[in-house]
Amino acid sequence: SQTAVLGARVSRDTPRASPMDEEEDLASQLGPRTSQVPDTDVSRLKRAYVNEKCAPEILPFEHDLMRRVTESVDAQESTVAASRAAAGSGASSATEDLTA
């Protein structure tokens, strides 16, 4: 015997997937869950960007994360500037655009 469900015919003998099974199936199609991804500064920075964009008044600002990322970028800029100084004035305009 069959029953009409939302315009589709479904057999009563066919077991229906539970909402949990459907969620797991969707999650497997979308990729790894965020809890399985390492909590790196890059992933935290992405999450902080979305949080700040979507709910700046509600969610806390990531002061420590921003300090670490800013220090890392500053260190990279110093390394590039030191490498450029060691190489002399032969830097291309494309390389100069990176630190401008």
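**Helix α2 and its partner**

At 17% relative accessibility, S43 counts as buried. The cut-off is under 20%, so S43 falls on the buried side. I start with that residue, and I should say at once that this is a predicted model.

Where does S43 lie? S43 is in helix α2. Its side chain has a polar atom 3.0 Å from the backbone oxygen of T40.

Now step back to the whole chain. Of its 100 residues, 7% count as buried. The chain has four helices and two strands. Follow the sequence and the pattern is β-β-α-α-α-α.

Next, the packing of α2. Two packed helices are described by the angle between their axes and the distance between the axes. Here the pair is α2, residues 41–54, and α3, residues 63–87. Their angle is about 125 degrees. Their axes are 10 Å apart. Are these two helices parallel, antiparallel, perpendicular or oblique to each other? Angles over 145 degrees would be roughly antiparallel, and 65 to 115 roughly perpendicular. The pair fits neither range, so α2 and α3 are oblique to each other. Their crossing is left-handed.

Which residues meet there? From α2, take D41, R44, L45 and A48. From α3, take L65, M66, R68 and V69. What kinds of residue make up this contact? Five are nonpolar and three are charged. None is polar.

To recap: S43 is buried in the α2 helix, and α2 packs against α3 at an angle of about 125 degrees.

Key:
Residues are numbered from 1 along each chain as its sequence is written. This is a predicted model: local features need pLDDT of at least 70, side-chain atom pairs count only at pLDDT 80 or more; totals for chains, interfaces and linings use all residues. Side-chain values use heavy atoms; hydrogens and water are left out. Axes are lines fitted to C-alpha atoms, for helices over the stretch in contact, and angles run from 0 to 180 degrees between N-to-C directions. Angles under 35 degrees count as roughly parallel, over 145 as roughly antiparallel, 65 to 115 as roughly perpendicular and the rest as oblique. A crossing is left-handed if the near helix is turned anticlockwise from the far one by less than a right angle, and right-handed if clockwise. Contact means heavy atoms within 4.5 Å. Ala, Val, Leu, Ile, Met, Phe, Trp, Tyr, Cys and Pro count as nonpolar, Asp, Glu, Lys and Arg as charged, and the others, Gly among them, as polar. Buried means under 20% relative accessible area, exposed over 50%, partly exposed in between (1.4 Å probe, protein chains only). A polar contact is a pair of N or O atoms within 3.5 Å; within protein, one must be able to donate a hydrogen and the other to accept it, and residues adjacent in sequence count only if both atoms are side-chain atoms.
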